[in-house]
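Student: I'd like to learn how to read a protein model. Can we go through one together?
Tutor: Sure, let's have a look.

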Amino acid sequence: MNKLHLKIGTSSNNELVLEEVGIDPHHLELFCDEYGNVFITDLKSTNGTFVNDKALDGFKLLVAGDKVRLGKTYFFDWENLILSSNSVAKQVDVVASVESDETPTPTISAMSTETTIANYKESSKINKELFIIYGVIIVLVILLYTFL
């Protein structure tokens with residue numbers, strides 16, 4: 001899956017513009033990493049972003065079946081958008097259906113929650129290993145500098 005970063009709101013400088021009542025000019029961001037993990041971030045919107053009817057504060061890893069609501073009434077079909085983002089033609093169709101009165105059909109992600117969590121843990125493990133390696137290199141450089 002390709003990386004994807006979308007800013008969503010009513011402002012024309014967003015990647016996805018939603019002209020709906022209760023949505024802020026810069027309402028939220030969606031980010032999909034190379035492992036297929038999808039993260040949502042509320043951009044301190046006035047009416048809020050909700051995942052499974054819980055107010056979003058900061059960011060959250062979305063999993064298949066999560067219901068995303070913007071403000072009081074607008075349900076956002078994030079799964080259909082992410083799955084169709086592999087080609088530009090499909091993405092244009094999704095944007096058109098989101099902006100129309102027609103409700104897009106929800107699509108459940110093929111990637112299971114267990115696979116997503118496993119990929120996230122593997123990514124975290126790699127990041128920790130790199131942090132340790134860089135830390136050792138910095139300590140060695142400091143030691144060399146002080147003794148030379």
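Student: Is Phe131 buried or exposed?
Tutor: The general idea is a cut-off: a residue counts as exposed when its relative accessible area is over 50%. Phe131 has a relative accessible area of 67%, so Phe131 is exposed. Keep in mind that this is a predicted model.

Student: Where does Phe131 lie?
Tutor: Look at helix α3, residues 113-147. Phe131 is also part of a nonpolar patch on the surface, along with Ile132, Val136, Val139, Leu140, Leu143 and Phe147. Together they have about 770 Å² of accessible area.

Student: And what about strand β4, how many of its residues are buried?
Tutor: For buried, the cut-off is under 20% relative accessible area. In β4, residues 38-42, four of the five residues are buried, and the strand is mostly covered.

Student: Which strands are joined to β4 by bridges?
Tutor: To read pairing, you look for bridges between two strands, at least two of them. Here β3 (residues 28-32) is joined to β4 by five bridges, and Phe31 has Phe39 as its bridge partner. Strand β7 (residues 59-62) is joined to β4 by four bridges, with Leu62 as the partner of Val38. Both pairings run antiparallel.

Student: What sits between β3 and β4?
Tutor: They form a hairpin with five residues between the strands, and Gly36 takes a positive phi near 95° there.

Student: How many helices and strands are there in the protein?
Tutor: Three helices and nine strands. Going from the N terminus, you meet the strands and then the helices.

Conventions. Residues numbered from 1 in each chain as written. Predicted model: local features only at pLDDT ≥ 70, side-chain atom pairs only at ≥ 80, totals over all residues. Heavy atoms only, no water. Patch = residues over 30% accessible without salt bridge, like charges linked within 9 Å, V, L, I, M, F, W, Y side chains within 5 Å. Areas by Shrake-Rupley, 256 points an atom, 1.4 Å probe, with all protein chains shown as cover. Salt bridge = Lys/Arg side-chain N within 4 Å of Asp/Glu carboxyl O. Helix = DSSP H or I, 4+ residues; strand = E, 2+ residues; numbered from the N terminus. Buried < 20%, exposed > 50% of the residue type's maximum accessible area, 1.4 Å probe, protein only.
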